[in-house]
Amino acid sequence: MKRYITCVLAVISALVLLCSCSGRKAKNEGYRLYRSSPVGLEIEYPDFWEVSDDKEDRTVCFVTPNVGYADDYRDNVSIVVEETGSEDMAFDKYVTDYINALPSAINNFNKITENELEVAGLESYRIVYEGTAEDGDLR
């Protein structure tokens, strides 16, 4: 049986996401329901946020709209679901390896906070960080 690890790489500012495991329509007014059948993830997000996901439904990014040239930072939440293959990797080892790789992928990487949490009933991890990328500052 394939084991999936959900790693939430999130920057959460002024956002409350409500997780839902049933139904096809958002339960809360002003929210939409994102659903990924391959991994069984359903999550509500504000209806004015933009959504971008990959064709395999393993990465999804929720981003606030750009409010103009003075908008230096767009709030965002990214959810990445990865298959560990046949290797029985402990979740905490996966998270540690992932975090250790971030400084080489993100310029001026600075971890602000991190914590374990549950998303749609799955063991998950939240990392809030800042740094720089080709398109500008990250946080």
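**Exercise 1. Place V81 and decide: buried or exposed?**

V81 sits in strand β6; strands are DSSP runs of E, at least two residues, numbered from the N terminus. The model is predicted: local features need pLDDT of at least 70, side-chain atom pairs count only at pLDDT 80 or more, and totals for chains, interfaces and linings use all residues. Residues are numbered from 1 along each chain as its sequence is written, and side-chain values use heavy atoms, without hydrogens and water.

Next, the accessible area. V81 has a relative value of 6%, so V81 is buried (buried is under 20%, exposed over 50%, partly exposed in between; 1.4 Å probe, protein chains only).

Last, a partner. V60 lies 21 residues from V81 in sequence, and their C-alpha atoms are 8.9 Å apart.

**Exercise 2. Find the largest nonpolar core and the strands that supply it.**

Start with the term: a nonpolar core joins buried Ala, Val, Leu, Ile, Met, Phe, Trp, Tyr and Cys residues through side-chain atoms within 4.5 Å. The largest has twelve residues, including V60, V81, W49 and V119. Strands β3 (41-46), β5 (59-63) and β6 (76-83) each give at least two of its residues. Another core, of eleven residues, lies apart from it; M89 and Y129 are among them.

**Exercise 3. Describe N108: its strand, its exposure and its phi.**

N108 belongs to strand β7 (residues 107-119). Its relative accessibility is 61%, so N108 is exposed. Now the backbone. Phi of N108 is near 55°, a positive value, and N108 is not glycine. Most residues other than glycine have a negative phi.

Technical notes:
Helices (H or I, at least four residues) and strands (E, at least two) are DSSP runs, numbered from the N terminus.
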